[in-house]
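Let's take a walk through a protein together, starting with the whole chain and then looking at its rings. Have the picture ready and follow along.

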Amino acid sequence: MEDKDGKIWMDNELVDWRQAKIHVLTHTLHYGLGVFEGIRCYNGVQGPAVFRLKAHMDRLMRSAHILGMPMPYSSESLQQAVLETIQANQLKACYIRPLAFYGAEGMGLNPKACKVHVIVATWEWGAYLGEDGMTNGIRVKTSSYTRHHPNVVMTRAKACGNYPNSILAKTEALSCGFEEALLLDTEGYVAEGSGENIFILRDGVLKTPPLDSALDGITRDTVKVLATEMGIPIVEQRFPRDEVLIADEAFFTGTAAEITPIRELDGRQIGKGMAGPVTKEIQQRFFQVVQGRNPKYQDWLTLVK
């Protein structure tokens with residue numbers, strides 16, 4: 001990633017990609033206290049447009065507030081930084097990574113002496129879990145690692161330091177021949193994937209875990225809106241992993257994963273072992289929205305001009 005052409009927005013300045021450097025004593029590098037977002041820009045019918053930009057940047061600000069990080073920029077100014085960075089890199093469709101972190105102005109657990117720095121990077125990135133997974137579904141393994149307890153780390157914050165848990169779960173699943181991990185909470189109920197929220201469909205009802213130990217996903221919220229529009233009842237309810245096994249359909253949601261069907265958990269087929277009809281319909285409606293083909297949700301799109 002470091003050897004690329006292009007620009008990265010860094011502390012209110014567009015700098016050359018290869019020159020976007022930080023010091024080895026950067027506080028967040030050592031202690032993990034930082035916040036970030038994952039956002040996508042789609043090349044839709046009206047041209048490149050960022051999906052739910054305001055919602056993402058508002059969540060970044062909330063994450064910083066939860067962790068006590070004084071943000072040096074407003075949500076509005078960072079939204080503009082995203083558009084400037086996409087324009088500078090001449091991208092039509094891309095992934096967007098804003099990150100706020102403590103610098104190298106001080107060391108020790110108290111970050112008070114450190115300045116909060118912010119960057120925005122953009123690059124082309126296809127289907128996170130693969131095009132085949134998007135179409136046919138993926139194989140998932142229940143992780144041996146437990147998801148965070150909300151009183152151990154602040155699970156509503158999309159914090160850098162929360163993600164070693166995800167990395168361990170993801171690499172374990174991959175090493176066992178699966179594409180993704182499913183993490184349980186501290187009481188053994190389904191929480192989420194390593195970087196995704198989860199939905200299951202059973203007897204016509206769509207279920208998703210409550211936000212006890214799962215991130216408040218923007219795509220999760222989008223699916224709830226679209227499913228309600230389809231007349232599908234939605235329940236936020238804790239459920240054990242065996243309920244995933246007997247579901248008619250299951251899928252992950254997330255900015256990177258978008259809407260990815262789950263065809264198998266722990267070697268057991270879910271439903272018919274392929275993307276189900278409801279999952280496909282939600283997936284189709286989602287891409288209609290992000291590509292600007294549903295006028296009802298134009299306010300979710302910020303055009304890159």
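Accessible areas come from the Shrake-Rupley method with a 1.4 Å probe. For the protein chain, the accessible surface comes to about 13900 Å², and 51% of that belongs to carbon and sulfur atoms. Please keep in mind that what you see is a predicted model.

Now take in the chain as a whole. Its secondary structure consists of 8 helices and 17 strands. The radius of gyration is 19 Å, close to the 19 Å that the globule rule gives for 305 residues, so the chain is as compact as a globular protein of that length. Along the principal axes, the C-alpha atoms fill a box of roughly 55 × 45 × 30 Å. Of the 305 residues, 52% are buried. Contacts tell us about the fold too: among those between residues at least 6 apart in sequence, 69% join residues at least 24 apart.

Next, let's turn to the aromatic rings. Two rings of Phe, Tyr or Trp count as a pair if their centres lie within 6.5 Å, and by this rule there are 11 aromatic pairs. One of them is formed by W9 and Y73, which meet edge-to-face, with 5.2 Å from centre to centre and 70 degrees between the planes. Find W9 in strand 1 (residues 7-10) and Y73 in the loop between helix 2 (53-67) and helix 3 (75-88); the two are 64 residues apart in sequence, so their pair ties together distant stretches of the chain. Both W9 and Y73 are buried.

A second pair shows another arrangement. How are the rings of F199 and F251 placed? Their centres are 5.3 Å apart and their planes are at 15 degrees, so this pair is stacked. F199 belongs to strand 11 (residues 197-202) and F251 to strand 14 (residues 249-254), so many steps along the chain separate them: 52 residues, which makes this a link between distant parts. Are these two residues buried or exposed? A residue counts as buried under 20% relative accessible area, so F199, at 0%, is buried, and F251, at 1%, is buried as well.

Rings can also gather in a group. Look for F51, F286, F287, Y297 and W300, which ring pairs link into a cluster.

Finally, look for charged side chains beside rings. K4 lies over the face of W17, at 5.4 Å from the ring centre. In a similar way, R139 lies over the face of F178, at 4.5 Å from the ring centre.

Methods
Residues are numbered from 1 along each chain as its sequence is written. This is a predicted model: local features need pLDDT of at least 70, side-chain atom pairs count only at pLDDT 80 or more; totals for chains, interfaces and linings use all residues. Side-chain values use heavy atoms; hydrogens and water are left out. Rings of Phe, Tyr and Trp (its six-membered ring) pair if their centres lie within 6.5 Å; planes under 30 degrees apart count as stacked, over 60 as edge-to-face and the rest as tilted. Helices (H or I, at least four residues) and strands (E, at least two) are DSSP runs, numbered from the N terminus. Buried means under 20% relative accessible area, exposed over 50%, partly exposed in between (1.4 Å probe, protein chains only). A charge sits over a ring if NZ of Lys or CZ of Arg is within 6 Å of the ring centre and within 35 degrees of the ring normal. The radius of gyration is taken over C-alpha atoms; the globule rule is 2.2 Å times the number of residues to the power 0.38. Contact means heavy atoms within 4.5 Å.
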